[in-house]
2 protein chains.
Amino acid sequence: MTVEKDYQTELTIGDVTIDRQDVEMLAAIDDHGSMHAAADALGRSYARLQRRVVALEDAVGAVTERRRGGADGGGTELTPVARDLLRQFERHQTELDGVARATASVFPGTVVDRTGELGTVETPVGRIVALVPADDSSVQVSVRSDAVVLSASSGSADGAGAKEQTTAQTSLRNQFTGTVAAIDAADAIASVTLDLGEGQSLQTVITRTSLERLALESGADVQASFKATAARAIPVAEDG
Amino acid sequence: MTVEKDYQTELTIGDVTIDRQDVEMLAAIDDHGSMHAAADALGRSYARLQRRVVALEDAVGAVTERRRGGADGGGTELTPVARDLLRQFERHQTELDGVARATASVFPGTVVDRTGELGTVETPVGRIVALVPADDSSVQVSVRSDAVVLSASSGSADGAGAKEQTTAQTSLRNQFTGTVAAIDAADAIASVTLDLGEGQSLQTVITRTSLERLALESGADVQASFKATAARAIPVAEDG
DNA sequence: CGCCGTTGTATCGCCATGGACATAACGATG
DNA sequence: CATCGTTATGTCCATGGCGATACAACGGCG
């Protein structure tokens with residue numbers, strides 16, 4: 001039994017919420033130039049569609065310019081407001097698509113310190129500074145794989161010295177060293193799995209160019225860094 | 001007229017989708033120990049709630065253990081499967097909450113090169129290597145503020161040399177220099193707005209500790225870096 | 001063995017959603 | 001002025017979601 005994480009995007013303006021169906025409706029009107037043709041194309045009833053357009057305009061303002069009469073009988077065109085709405089919806093959706101599809105690595109831990117939204121979480125692989133939401137002590141820290149920065153661990157300077165230096169001049173608060181456990185390279189993007197020890201692994205997505213530039217290969221040592229604001233702690237229930 | 005970006009999280013298992021209402025229902029059953037009490041607490045009808053539980057079990061499997069009879073008349077308890085569902089839903093939601101609340105900076109541009117999912121986008125502030133979805137040339141590049149790494153620009157080495165060196169040993173493909181335009185510091189987290197020139201700005205969220213460590217103040221020069229896999233290009237309609 | 005409070009199940013009715021259909025208004029064109 | 005295809009609006013009806021109610025089944029307990 002597989003569980004699919006899903007979501008429905010929508011835009012709320014005042015007291016109406018525009019969902020995917022509304023967006024498809026507006027797009028169809030834009031495509032066909034009339035509400036009748038749009039309703040026909042969508043397999044919906046004209047009456048319902050027209051009512052919805054009126055409802056939207058009541059709440060949002062002028063969304064369409066509707067003409068009736070004339071040689072062609074009239075027609076309906078979208079206003080810039082409507083096009084802007086379509087753009088915003090599209091962008092909202094693709095943004096969520098992007099972040100929702102991205103894989104994440106999860107580390108169990110306990111919150112040992114807290115300052116405002118920020119906290120320090122004790123995990124098997126060390127302490128992670130992350131965003132901690134409410135007042136929970138038992139949490140899971142989730143790190144999106146597109147937020148993890150890899151850097152060569154075998155540079156000229158090595159060990160704690162290099163680490164100190166790097167953290168001192170960037171805003172990367174979390175830094176771990178690990179060995180490359182697996183590389184899954186596609187055309188332009190490669191997924192790299194790091195073994196951090198203690199049975200914990202960290203997933204990263206980097207470009208193939210970076211993969212080659214860092215000369216990564218299975219078993220190699222690398223440093224993985226990520227910002228505290230990219231790590232999010234999620235409360236976990238105490239029971240099993 | 002403000003537009004609120006919103007979304008409804010849900011879990012899809014087979015042919016049923018569990019939405020927030022279902023989750024609240026299960027949680028109420030867990031709280032009160034019986035479906036009657038849960039329906040009462042939620043202000044819903046018992047019949048409807050009971051039907052929903054049956055429907056869920058038809059699709060998901062044993063979600064509750066329902067006993068009838070006995071001194072107390074019986075009761076309903078959640079199975080570990082149900083608790084696991086609740087956890088998954090909660091985690092899914094907080095994950096989306098986290099990334100959806102995060103602000104993002106947007107740069108208009110055109111795709112000038114493409115390799116698989118990856119592409120190079122020409123923007124007013126320079127070229128950005130980003131994930132480009134479909135075959136569009138006119139795009140907007142969106143960079144989440146929690147994915148931007150700041151580093152001191154006024155280090156010992158300066159200019160192109162330092163830039164080359166940094167990019168060579170990390171997986172950060174995009175690097176820009178800018179001046180701090182605004183700092184909005186909260187308890188533990190600060191929002192930093194960079195001016196990249198050409199009327200473009202880049203927003204970043206960093207910890208207050210990093211803010212102090214980098215000695216950032218308005219007008220200071222900093223280097224902002226982000227991974228190509230953290231930048232997403234979104235197609236934009238050609239018309240206005 | 002009856003009591004009790006719960007779970008199971010069926011049925012009715014209300015109401016919102018939405019399609020099907022009819023009718024009017026509109027305005028350029030012939 | 002009639003035509004024509006569209007918009008605008010109202011009415012009817014089917015469907016589904018959901019509350020309300022009723023009744024049976026259950027099983028420990030007094």
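Select B:Phe226 to begin: this residue is buried, with a relative accessible area of 1%. Keep in mind as you look around that the model is predicted. Now add B:Phe176, which is also buried, its relative accessible area being 9%.

With both side chains shown, look at the rings. How are the rings of B:Phe176 and B:Phe226 placed? Their centres lie 5.9 Å apart and their planes meet at 25°, so the pair is stacked, since planes under 30 degrees apart count as such. Next, colour the strands around them. B:Phe176 belongs to strand S10 (residues 174–185) of chain B and B:Phe226 to strand S13 (residues 221–226) of chain B, so the pair ties together parts that are 50 residues apart in sequence.

Now move over to chain A. Over all chains, the count of aromatic pairs comes to two. In chain A, select A:Phe176 and A:Phe226, a stacked aromatic pair with 6.0 Å from centre to centre and 25° between the planes. This pair links distant parts of the chain: A:Phe176 sits in strand S10 (residues 174–185) of chain A, and A:Phe226 in strand S13 (residues 221–226) of chain A, 50 residues apart. Both A:Phe176 and A:Phe226 are buried.

Zoom out until chain A fills the window, and switch to a cartoon. You should find six helices and 14 strands in chain A. Its radius of gyration is 25 Å, well over the 18 Å that the globule rule gives for 240 residues, so chain A is more spread out than a compact globule. Turn the C-alpha trace of chain A along its principal axes, and the spans are about 80 × 40 × 40 Å. Of the 240 residues in chain A, 46% are buried. If you draw the contacts in chain A between residues at least 6 apart in sequence, 58% of them join residues at least 24 apart.

A surface view of chain A comes next. Chain A exposes about 11300 Å², with carbon and sulfur atoms supplying 44% of it. Colour by charge, and chain A shows 22 positive and 36 negative side chains, the centres of the two sets lying 5 Å apart.

For the last stop, return to chain B and select B:Met35, found in helix H2 (residues 35–42) of chain B. Is B:Met35 buried or exposed? B:Met35 is buried, with a relative accessible area of 6%. Leaving aside neighbours within four places in sequence, its contacts include B:Ile29, B:Tyr46, B:Leu49, B:Val53 and B:Arg66. Finish by drawing a C-alpha to C-alpha line from B:Met35 to B:Arg66: the two are 31 residues apart in sequence and 8.9 Å apart in space.

Key. Residues numbered from 1 in each chain as written. Chains lettered and ligands numbered in written order. Predicted model: local features only at pLDDT ≥ 70, side-chain atom pairs only at ≥ 80, totals over all residues. Heavy atoms only, no water. Phe/Tyr/Trp six-rings, centres within 6.5 Å; stacked < 30°, edge-to-face > 60°. Helix = DSSP H or I, 4+ residues; strand = E, 2+ residues; numbered from the N terminus. Buried < 20%, exposed > 50% of the residue type's maximum accessible area, 1.4 Å probe, protein only. Rg over C-alpha atoms; globule rule 2.2 N^0.38 Å. Contact = heavy atoms within 4.5 Å. Areas by Shrake-Rupley, 256 points an atom, 1.4 Å probe, with all protein chains shown as cover. Lys, Arg positive; Asp, Glu negative; His and termini not counted. Charge placed at Lys NZ, Arg CZ, Asp CG, Glu CD.
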